[in-house]
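Student: Could you take me through one part of this structure slowly? I would like a close look at a single sheet and what packs on it.

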2 protein chains.
Amino acid sequence: MYICRVNLTYYCFKVKTVTKNVLKNSLKRIFLYRACLYRLKMMGVEKVFSYTLAEEAGVTPDQVRKDFSEFNIRGNKRGGYVLSDLLEKMEALFYRNKEHNIILMGMGNLGLALSKYSRFVQRNMNVVAAFDIDPYKQKARYDIPVYGMDRLKEIIHRFKVKVAIIAVPEISAQQVCDELVRNGIKGIINFAPVLLKVPEDVVINNINLCDELESVIYYVHNQIRNEGLKNIELLYGDMK
Amino acid sequence: MYICRVNLTYYCFKVKTVTKNVLKNSLKRIFLYRACLYRLKMMGVEKVFSYTLAEEAGVTPDQVRKDFSEFNIRGNKRGGYVLSDLLEKMEALFYRNKEHNIILMGMGNLGLALSKYSRFVQRNMNVVAAFDIDPYKQKARYDIPVYGMDRLKEIIHRFKVKVAIIAVPEISAQQVCDELVRNGIKGIINFAPVLLKVPEDVVINNINLCDELESVIYYVHNQIRNEGLKNIELLYGDMK
DNA sequence: TTTTAGATGTGAATATTATCACATAAATGG
DNA sequence: CCATTTATGTGATAATATTCACATCTAAAA
């Protein structure tokens, strides 16, 4: 437990050392829990227990409590968790209270769709500008301004942008990525179907739509279910 | 090792029992390896070793070999792997040789973008039709035909569709999902930010764009890097 | 107010996953 | 053609993640 003072106010900190993977896995489930909690909230639920949430999320109650423990999210002994409290703590985890400015690279089909995705705004994530090399797109009217790459540096600095979305064609993705990194971007969501090379201090989250679809096809074809049996038999065929 | 005969040809099968999670994790990495291999192929590489691929994918050589072993993908002792062979085997894994008909639910911003996503076609995944309740969209001209829900059953049967993409608003996602399941759909990619409830034999792959973005923001803000240090310190602040 | 029941939070135990290490096989060179 | 080198493939081992179990605390009941 550490105590420090900022502007006449004392803050009390707890320091916890965890391995990065523990955090990653827990974090993924925190997203899951949050989705469940919003659903339960809609249904009028005000208080949840670890087993309520576990049931909804398809995990064990222990896992829920352990995950909460990981992020220092605490409930009431015997009293479970107050749903609104839980959600508040989770939103705080994701810096929801602060505003985040994001830029969008590429105004093709996907970029256009993302630029209109209103949910980002609902969650304090503002797509402040898009960039595209097509001069026509720079002139056309969209929900957000579209610039050429020449104004990238200026916009990133003005809006203190740290995170970018890459929705450009595969062929130019790495080049765009390098340019972003050069201008101080620290986090990237990449929709281009390539693995981008970035320095160690830049976080990349790849979303490959084809891969996602193919993995579903694989599961369907091999009849691998989400629930039920734990072990499966694989057949490897070879013509003789 | 099992041997069976089909149409005068003998097939030799190897049966392997694995836990579902091992398969899931390995499969995810197989996608990763495949992406790396395509990059290496573009660079003119023809032969790879487990350590070449490991380096590219950011895993250990042992992991690569173990994963290959899981899916019975075999190389040449001392000779590494012939790149084109590897890719062929991987594509076969994903039933790339067969055609897959897919339907798209919802022709909003995201649905429209997905309907134009040409890469699906390149990988033998055909979006044969879209569905939207908006009569205007049913009349308008798109790259693929857009129908009302009344024709869902007919199309699914005609094209033997097993996999669907849900890109409808959150509010109607569960309803659409139920309708799909009722008509025999066994795999779903869901872009609506809700957790869909499905029977055990239906596979769901949720892609939540906000969550993905938020997780990047979380990593950036907490300076959690992808590489480097294995342990991190978390600070949990409370005002005193 | 005291007791009781019931849920949390977390160290300990178990299960799972990744790494190690080496037997094995193939290409190369003498 | 044999020795040697080198990369694969996979059991054995180490590391990691999940589940168990229980001490702890609190809300409700008596």
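Tutor: Happily! In this predicted model, 6 strands of chain B form an open sheet with parallel pairing, in the order 7-6-5-8-9-10. Strands here are DSSP runs of E with at least two residues, helices are runs of H or I with at least four, and both are numbered from the N terminus. Two strands pair if DSSP finds at least two bridges between them. At the edges of the sheet lie strand 7 (146-147) and strand 10 (203-206) of chain B, each pairing on one side only. Now look at one edge: strand 7 of chain B runs parallel to strand 6 (residues 125-131) of chain B, and 2 bridges join them. In this pair, Ala130(B) stands opposite Val146(B) of strand 7.

Next, see what packs on the sheet. Helix 10 (residues 209-221) of chain A touches strand 5 (100-105), strand 6, strand 8 (163-166), strand 9 (187-190) and strand 10 of chain B. A contact means heavy atoms within 4.5 Å. The direction of helix 10 of chain A makes about 155 degrees with that of strand 9 of chain B. Helix 9 (residues 170-182) of chain B also packs on the sheet, touching strand 5, strand 8 and strand 9 of chain B. Its direction makes about 170 degrees with that of strand 8 of chain B. Such angles run from 0 to 180 degrees between N-to-C directions, with axes fitted to C-alpha atoms, for helices over the stretch in contact.

A note on conventions: residues are numbered from 1 along each chain as its sequence is written, and chains are lettered from A and ligands numbered from 1 in the order in which they are written. Local features need pLDDT of at least 70, side-chain atom pairs count only at pLDDT 80 or more, totals for chains, interfaces and linings use all residues, and side-chain values use heavy atoms, leaving out hydrogens and water.
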